[in-house]
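Reader: I've got a model open on my screen and I'd like to know what stands behind the labels people put on it. Can you take me through them?

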Amino acid sequence: MSAIRFFHMADLHLDSPFKGLFGLPEHNFKKIRTSTFEAFNTIIDKAIQEKPDFLLIVGDIYDGENRSLQAQRRFQEAMEKLFQHNIPVILSYGNHDHLNGSWTRFALPSNVYELPAETSVVQLNIRGQQVNIYGFSYSERHVKESKIESYPIASDQHVLHIGMLHGSEFNDTTHAVYAPFTKEQLLERNYHYWALGHIHKRQLLHQNPPIVYPGNIQSRHRKEQGIKGFYDVTLSQASVELDFIPTSAVVYNTVEVDCKNMFHANELLKKCEEALSLNRQAYGASVVELHLKNIDEHASSLFEHATVDAWLETIREAEEGIEPMCWVQKLVLHTSSTLYEHTAATKSVANLMEQWDISAWKDILKDLYQHAGGARFIDPLTEQDIKALMHNAQELLAEEIQRT
């Protein structure tokens with residue numbers, strides 16, 4: 001039997017509102033605002049050009065359960081294009097775009113198979129090779145129970161078996177844990193490929209058979225750094241090839257500048273411009289956190305009479321009008337550890353923070369997370385966030401004491 005070829009993608013989040021972006025020029029904001037659509041168009045154009053046997057979309061096509069008209073229209077038009085080229089699409093809906101949401105319906109063409117709430121199978125015959133694709137859509141936003149037992153164990157190994165699952169490993173708390181599973185449970189199904197979604201970080205959980213998270217197709221905020229995309233998969237009974245295809249229209253990234261032995265403002269600005277230029281050449285349009293590292297006793301004088309906000313605005317002005325855009329979202333200062341020593345006061349605060357568990361942090365930050373207008377733009381608090389908050393708080397406290 002011949003090999004089959006398909007595209008595996010997940011977490012499109014079309015029409016995402018994006019987070020933490022303030023003060024952008026209008027044309028830059030528009031570029032970011034439409035980046036999910038641009039990334040999706042890249043996939044559709046490649047599919048039409050290269051004609052894979054089918055596409056798998058594993059949940060969270062839309063960013064919200066209300067499914068905006070604009071996002072639905074663009075998705076429907078893309079499916080029509082694939083219909084014209086006889087390319088099937090098998091899709092599931094996830095926690096963001098579950099079946100119980102309220103939205104104005106768009107009819108999708110007949111090449112699109114929408115998986116129902118109950119685990120079902122889509123059967124395709126591709127050049128004499130039967131392919132069984134199993135999966136389900138979320139009936140509601142919170143699917144906390146495991147769904148693995150609803151997937152049949154594959155017995156006919158003349159058929160290629162592919163599982164679609166929008167969910168997370170039992171022990172992975174980087175996202176809300178939905179439809180939890182273990183690798184052992186997936187392997188017990190005897191499938192040739194597991195197409196996962198929900199986790200936005202690209203990961204290969206198992207090599208053979210592949211258990212794969214492609215990540216999302218476009219970063220939506222500063223925590224989703226690096227190039228995003230999908231997998232172009234060639235699969236047969238005996239082998240599999242995975243080719244990651246980038247789709248990011250805008251890349252979120254961290255850029256570092258070494259400030260050791262800097263004396264003058266123009267020297268620092270030149271270093272920043274050079275670093276941002278290299279980032280632009282490597283990644284194209286981007287949103288960056290600019291980290292000024294190794295600020296020693298010489299470089300620290302550059303910040304005595306100008307605030308971080310003033311430096312940020314000056315760096316942004318220097319980048320204005322240069323294409324592709326490189327928007328500096330945040331400026332972070334890292335003072336050299338030799339510049340100060342922690343005092344008894346900073347140590348006592350650090351010790352106190354280390355005693356707080358996640359419940360205590362949530363209580364401390366409750367005004368932020370319960371704010372009616374802003375809470376929807378903030379991701380759930382994770383252990384990684386807490387570690388970063390503690391580290392940043394300790395640095396800021398030590399620097400403030402050093403200045404007094």
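**What the labels rest on**

Author: Let's start at Asn28: apart from neighbours within four places in sequence, Asn28 is in contact with Met325 and Trp327, contact being heavy atoms within 4.5 Å. This is a predicted model, where local features need pLDDT of at least 70 and side-chain atom pairs count only at pLDDT 80 or more, while totals for chains, interfaces and linings use all residues. Residues are numbered from 1 along each chain as its sequence is written, and side-chain values use heavy atoms, with hydrogens and water left out.

Reader: Why is Asn28 called buried?

Author: Buried means under 20% relative accessible area, with exposed over 50% and partly exposed in between (1.4 Å probe, protein chains only). Asn28 has 9%, so the label buried applies. Asn28 lies in helix α1; helices (H or I, at least four residues) and strands (E, at least two) are DSSP runs, numbered from the N terminus.

Reader: What makes the pair Asn28 and His27 a polar contact?

Author: Their side chains come to 3.2 Å. The term asks for a pair of N or O atoms within 3.5 Å; within protein, one must be able to donate a hydrogen and the other to accept it, and residues adjacent in sequence count only if both atoms are side-chain atoms. The contact joins side chains, so it passes that last condition too.

Reader: How do you know that the span of helix α2 agrees with its number of residues?

Author: The expected span is 1.5 Å times one less than the number of residues. For the 16 residues of α2 (35-50) that gives 22 Å, and the end C-alpha atoms are 23 Å apart, so the two agree. Right after α2 comes Lys51, with a positive phi near 50°.

Reader: What do the buried residues of α2 pack against?

Author: They pack against β1 (4-9), α1 (26-33), β2 (54-58), α3 (69-84), β11 (229-235) and β12 (240-246). Among the buried residues are Phe37, Phe40, Ile43 and Ile44.

Reader: What makes something a nonpolar core?

Author: It is a set of buried Ala, Val, Leu, Ile, Met, Phe, Trp, Tyr and Cys residues joined through side-chain atoms within 4.5 Å. The largest one here has 28 residues, and Met9, Leu12, Phe40, Ile61, Phe75, Met79 and Leu82 touch the most other members. Helix α2 gives the most to this core, with seven residues. A second, separate core of 23 residues includes Phe54, Val122, Ile162 and Met164.

Reader: Why are β8 and β10 said to pair?

Author: Two strands pair if DSSP finds at least two bridges between them. Strands β8 (193-197) and β10 (211-213) are joined by two bridges, so they meet the cut-off, and they run parallel. One of the bridge partnerships is Trp194 with Ile211.

Reader: What makes β5 and β9 edge strands?

Author: The open sheet of six strands has the order β5-β6-β7-β8-β10-β9, with mixed pairing. Strands β5 (120-126) and β9 (203-206) each pair on one side only.

Reader: And how do you know that β14 is mostly covered?

Author: Eight of the 10 residues in β14 (286-295) are buried. Strand β14 is joined to β13 by eight bridges, and the two run parallel; Asn253 has Val288 as its bridge partner in β14.
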